[in-house]
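Subject: Handing over the structure

Hi,

Here is the structure I promised to pass on to you. Please open it alongside this message, and then read on for what turned up in it.

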Amino acid sequence: MSNVVIVGAQWGDEGKGKIVDLFTSWADVVVRYQGGANAGHTLVVGGVKTVLHLVPSGVLHAGKRCFIGNGVVVDPEALDDEIDLLKSRGLLSDPTQLVVSENAHVIFPYHKRIDVGREQKTGRTKIGTTGRGIGPCYEDKVARRGIRMRDLLKQHALRDRLAERIEEANAQIRALGGEPVELEKVHASAAALGEKLAPYIGDASEKLAHEVERGKAVLFEGAQGTLLDVDHGTYPFVTSSNTVAGNAAVGAGLGPTAINSVIGISKAYTTRVGNGPLPTELHDEVGDRLRTVGVEYGATTGRPRRCGWLDALVLRYAARVNGLSGLALTKLDVLTGFEKLQIAVGYRLDDGKVVQEFPSDPELLEQAQPVYEELPGWKEPIADVREYKELPENARRYVERVEDLVGVEAIAVSVGAERAQTIVRKNPFRHG
């Protein structure tokens, strides 16, 4: 057995939650290693839809241990609500099933107010954040003034820490035209949440290392996508953490030698929520059809997603910066019924030059016009197909062309929203 990282290979919303949920059947432990409640992983099992924002998607499997690593920023109220929801469905009855790193930083109401206030003040360079306080919390972490999950368990010290931070935060909030937060209310809420969450808070790094030493198979669950990585994404229109596979070890508290393979998740087309470049975006009936058939609305915000054809340059870039050893292609069924399909294989720049690799210069990306390769579509419904060889010939041709362009094997192909509607061609936890 091996340890596997699941990472988004586009701009997020690729269907990671479903693939994590599916692959968890082969794993013993699932770890969330970055991001916060701005992530939304949608799972459909037995016709029941569950949207998770912090708890790893593997929680839907009985007996699987779940970890929220130190690299995650935790909204304790959102986490508490999520735990209550899972308990109401008969899940997470054993508190030892979930471990929340005591070193994970905490999102407070003032982080959210600063986040929202900044977005409202920003002009055309608006990032399009979810307003969940993710960025301001990571800022506090890097500035070494953050408050961690361990601090929620020390009520008197917590109040002193909050008093010091809230004074400065309220000055920012007032400058942004917002309503300041009240220390006593924030402290009372945080202390109460700390008491409720105490059974789950612990040394995640140590506990996870013990699982690895025992030979348990670990699945590292990423949030957002490669092109939203703060270093490797379409900066500044990115999230506030490193979403790439290399951060899985850092955000979980393990060494990189604990990771054996990396699986990138990509839709069979491209979507993006929020602002920033999207070279293959379609502003026509095709884009509208992808959005409608694919139900392309953000799991966290409900915002309509921008839609376009698949971009091979993006996937090749994701393969490079993540070290992808396999692809999981989701929502192939959404392309059913199109007479012709397009895949971007290059970008034409303003000077007429055509490039085949994703440009690192944001100014070049802004001017990039996709150069497409056309493939024939298929009309046969594929939602009930469970064997790759039973897919329509043109559907297989599409998948195999993606493999050729990216240089990575598609080990799984999703043909519907349900857990069972996935064709698995290779178990990522087994070598060879």
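A good place to start is an aromatic cluster, made up of Tyr 317, Tyr 347 and Phe 358. Please keep in mind throughout that this is a predicted model.

Within that cluster, Tyr 317 and Phe 358 are both buried. Six aromatic pairs were counted in the structure. One of them is Phe 108 with Tyr 110: their ring centres are 5.5 Å apart and the planes meet at 15°, which is under the 30 degrees cut-off, so this pair is stacked. Phe 108 has a relative accessible area of 3%, so it is buried, and Tyr 110, at 1%, counts as buried as well. For Tyr 317 and Phe 358 the centres are 5.2 Å apart and the planes are at 35°, so that pair is tilted. Tyr 317 belongs to helix α10 (residues 312–322), while Phe 358 sits in the loop between β17 (354–355) and α11 (362–367), so the two rings tie together parts that are 41 residues apart in sequence.

Two arginines also go with rings. Arg 289 lies over the face of Phe 338, 3.9 Å from the ring centre. Arg 425 places its charged end over the ring of Tyr 388, at 3.8 Å from the centre.

Arg 425 has another partner too: its side chain forms a salt bridge with Glu 403, at 3.1 Å from N to O. This pair links distant parts of the chain, with Glu 403 in helix α12 (residues 393–406) and Arg 425 in the segment after β20, 22 residues apart. Glu 403 has 15% relative accessibility and so counts as buried, whereas Arg 425, at 31%, is partly exposed.

How many salt bridges does the structure hold? There are 27 salt bridges in the structure, and two further ones are worth a look. Asp 140 and Arg 165 form a salt bridge in which the closest N and O atoms are 2.8 Å apart. Asp 140 is in helix α4 (residues 134–142) and Arg 165 in helix α5 (residues 155–175), so to speak distant parts of the chain, 25 residues apart. Both Asp 140 and Arg 165 are buried.

The other salt bridge joins Lys 331 and Glu 296, at 2.9 Å from N to O. Lys 331 lies in the loop between β15 and β16 (340–348), and Glu 296 in the loop between α9 (285–293) and β13 (306–308), so the pair ties together parts 35 residues apart in sequence. Lys 331 counts as partly exposed at 22% relative accessibility, while Glu 296 is buried at 0%. Shared partners join Asp 13, Lys 267, Glu 296, Arg 305 and Lys 331 into one network of salt bridges.

Finally, the sheet. It is open, has 10 strands with mixed pairing, and runs in the order β9-β7-β5-β2-β10-β1-β11-β15-β19-β20. Its edge strands, β9 (201–202) and β20 (422–424), each pair on one side only. Inside the order, β11 (residues 261–267) and β15 (residues 326–330) pair in the parallel sense over five bridges, and Ser 266 has Leu 329 in β15 as its bridge partner. Helix α7 (residues 204–213) lies across β2 (29–32), β5 (65–68), β7 (98–101), β9 and β10 (218–221), running at about 145° to β5.

Happy exploring!

Definitions and conventions
Residues are numbered from 1 along each chain as its sequence is written. This is a predicted model: local features need pLDDT of at least 70, side-chain atom pairs count only at pLDDT 80 or more; totals for chains, interfaces and linings use all residues. Side-chain values use heavy atoms; hydrogens and water are left out. Rings of Phe, Tyr and Trp (its six-membered ring) pair if their centres lie within 6.5 Å; planes under 30 degrees apart count as stacked, over 60 as edge-to-face and the rest as tilted. Buried means under 20% relative accessible area, exposed over 50%, partly exposed in between (1.4 Å probe, protein chains only). Helices (H or I, at least four residues) and strands (E, at least two) are DSSP runs, numbered from the N terminus. A charge sits over a ring if NZ of Lys or CZ of Arg is within 6 Å of the ring centre and within 35 degrees of the ring normal. Two strands pair if DSSP finds at least two bridges between them. Contact means heavy atoms within 4.5 Å. Axes are lines fitted to C-alpha atoms, for helices over the stretch in contact, and angles run from 0 to 180 degrees between N-to-C directions. A salt bridge is a side-chain nitrogen of Lys or Arg within 4 Å of a carboxyl oxygen of Asp or Glu.
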